[in-house]
Structure formats: structure tokens, C-alpha cells
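Visitor: I would like a close look at a single part of this model. Please take one helix and follow its packing outward, then go on to the strands.

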Amino acid sequence: TLIERGPRGRVQSVDWSALLRRWAADAPLDSRGESRPYLDPRGLSSVLDRLGSSAIHYAVTGSLVAARLAPVASPRLATIYVDDLEQAAGALGLREAPSGANVLLIRPADDGVYQRSCEVGNLTCVAASQAAADLLTSPGRGPAEGEALLEWMGLHPDAWRG
């Protein structure tokens, strides 16, 4: 049971980690909007520096968020929600890269990914719950990073619950 309710329908408890796993399974990362892989030949730190000082409406998700909260390994892929793929790629100096990408830009299907976003350093990051759901269905080591983030969330509920 994901949600337990009392006699009058009031929520008594929520198995939030199971709920996030269910959400991720029902709406995997590749279904959240149009995405394109890009390459920044100078590496992730370069794109993050430009992103933090840009006027682009964005929110970083995935490994970059996990690395700030529950690091498993150094991120190799920057996954970033943006409103306009071409505009963001141009502003950040990215090249389309069918293989060898280090940046994945996603134009979200709706603005939900931006809800409860927060500033971490000079970057806007999605909510921890969004990052965990995104990682659980990401390629490579994303699922392991998602599990580590869920563990961190369990140990630090006041840091991410609103």
C-alpha cells in the first residue's frame, strides 16, 4: 500500500520511496518530454559555469543533483530541463551528438519539473523527488544513483520535504 488513509479519508502515512519508484516506472525519463543529446567539448564544468550565468529557464536533474546530495560518483552526463532545446544549446555552445554526449537537454511536457526547484550554488536544481524519479529510469549508473538519493532522502526528510 502506497498511501494509508484513516477512517475519514485523511492520509495517515505514505510510503514515499515506493511512490517515487511507481512514478518513475509509470513515467520514465524518456517519456517526460522531447530530449536531445549534446556535447560540450570542454566538459561538464564548462557547461555548468555557462548555465549558472545564463538567462535560460532551466532546472538541472539526475546525476548532478544526486552528486550534490548523495554522491556515488562524479557525474558524466548533465541532464537539464529547458524550455527551448535549440535556444539553450546555442546559448550554452553545445553541439548535437548522437553518440558521446555529455549533456542531455529535455524540453518537458509540462512545467511540473520546475515545481519546488531550488538553488544549489549558482544552479537551479529540480526537487530531490524529481531527481530521484528521473535517475531511477536513466541509463547507465542512473538507477544506482537514484537508489542512493532515495536512501539520502530517507535519512534527511526535513531537507527535501516541503
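Guide: What follows starts at helix α5, goes through its neighbours, and ends at strand β7 and its partners. The model is predicted.

Helix α5 covers residues 128–136. Nine of its nine residues are buried, so α5 is largely enclosed by the rest of the structure. The buried residues are A128, S129, Q130, A131, A132, A133, D134, L135 and L136, a list that includes Q130 and D134 along with several alanines and leucines. What encloses them is a set of helices and strands: the buried residues of α5 pack against α1, β4 (58–61), α3 (63–69), β5 (78–82), α6 (142–155) and α7 (157–160). Two of these neighbours, α1 and α6, can be described in detail.

Two packed helices are described by the angle between their axes and the distance between the axes. Take α1 to begin with. Helix α1 spans residues 16–26 and packs on α5 at an angle of about 55°, the two axes being 8 Å apart. That makes α1 oblique to α5, and the crossing of α1 past α5 is right-handed. On the α1 side the contact is formed by L20, R21, W23 and A24, and on the α5 side by S129, Q130, A132, A133 and L136. Sorted by class, this contact of α1 with α5 has six nonpolar residues, two polar ones and one charged one.

The packing against α6 has another geometry. The axes of α5 and α6 come within 7 Å and cross at roughly 150°. An angle over 145 degrees counts as roughly antiparallel, and that makes α5 roughly antiparallel to α6. Here α5 passes α6 in a left-handed crossing. From α5, the residues in contact are A128, S129, A131, A132, L135 and L136; from α6 they are G142, P143, E145, G146, E147, L149, L150 and M153. The contact of α5 with α6 divides into nine nonpolar, three polar and two charged residues.

S129 is one of the α5 residues that meet α1, and S129 is also listed among those that meet α6. S129 lies in helix α5 and, at 15% relative accessibility, counts as buried, because buried means under 20%. Leaving out residues up to four places away in sequence, S129 touches L20, W23, R116 and M153. L20 and W23 belong to the α1 side of the α1–α5 contact, while M153 belongs to the α6 side of the α5–α6 contact.

R116, the remaining partner of S129, sits in the loop between β7 and β8 (118–120). The residue has a positive phi of about 65° although it is not a glycine. R116 is partly exposed, with a relative accessible area of 48%.

The loop that holds R116 follows on from strand β7, and this strand is the next subject. Strand β7 comprises residues 103–108. Five of its six residues are buried, so β7 is largely enclosed by the rest of the structure. Its pairing involves β3 and β5. With strand β3 (residues 33–39), β7 pairs in the antiparallel sense over six bridges, and within that pairing Y38 stands opposite V103. With β5, β7 pairs in the parallel sense over four bridges, where Y81 stands opposite I106. Strand β5 is also one of the elements that the buried residues of α5 pack against.

Strand β3 has a further partner. Two bridges join β3 to strand β6 (residues 95–96), and these strands run antiparallel. The bridge partner of L39 in β6 is R95.

Within β7, L105 gives a view of the strand's surroundings. L105 is buried, with a relative accessible area of 0%. Not counting residues up to four places away in sequence, L105 touches E34, S35, R36, Y38, I80, V82, L85, A88, A89 and L94. Of these, E34, S35, R36 and Y38 fall within β3, and I80 and V82 fall within β5. From L105 to A78 the separation is 27 residues in sequence and 8.2 Å in space, C-alpha to C-alpha.

To summarise, α5 is buried along nine of its nine residues, with α1 oblique to it and α6 roughly antiparallel to it. Strand β7, with five of six residues buried, pairs antiparallel with β3 and parallel with β5.

Definitions and conventions
Residues numbered from 1 in each chain as written. Predicted model: local features only at pLDDT ≥ 70, side-chain atom pairs only at ≥ 80, totals over all residues. Heavy atoms only, no water. Axes fitted to C-alpha atoms, helices over the stretch in contact; angles between N-to-C directions. Parallel < 35°, antiparallel > 145°, perpendicular 65-115°, else oblique. Left-handed = near helix turned anticlockwise from the far one by under 90°. Contact = heavy atoms within 4.5 Å. Nonpolar A, V, L, I, M, F, W, Y, C, P; charged D, E, K, R; others polar. Pairing = 2+ DSSP bridges. Buried < 20%, exposed > 50% of the residue type's maximum accessible area, 1.4 Å probe, protein only.
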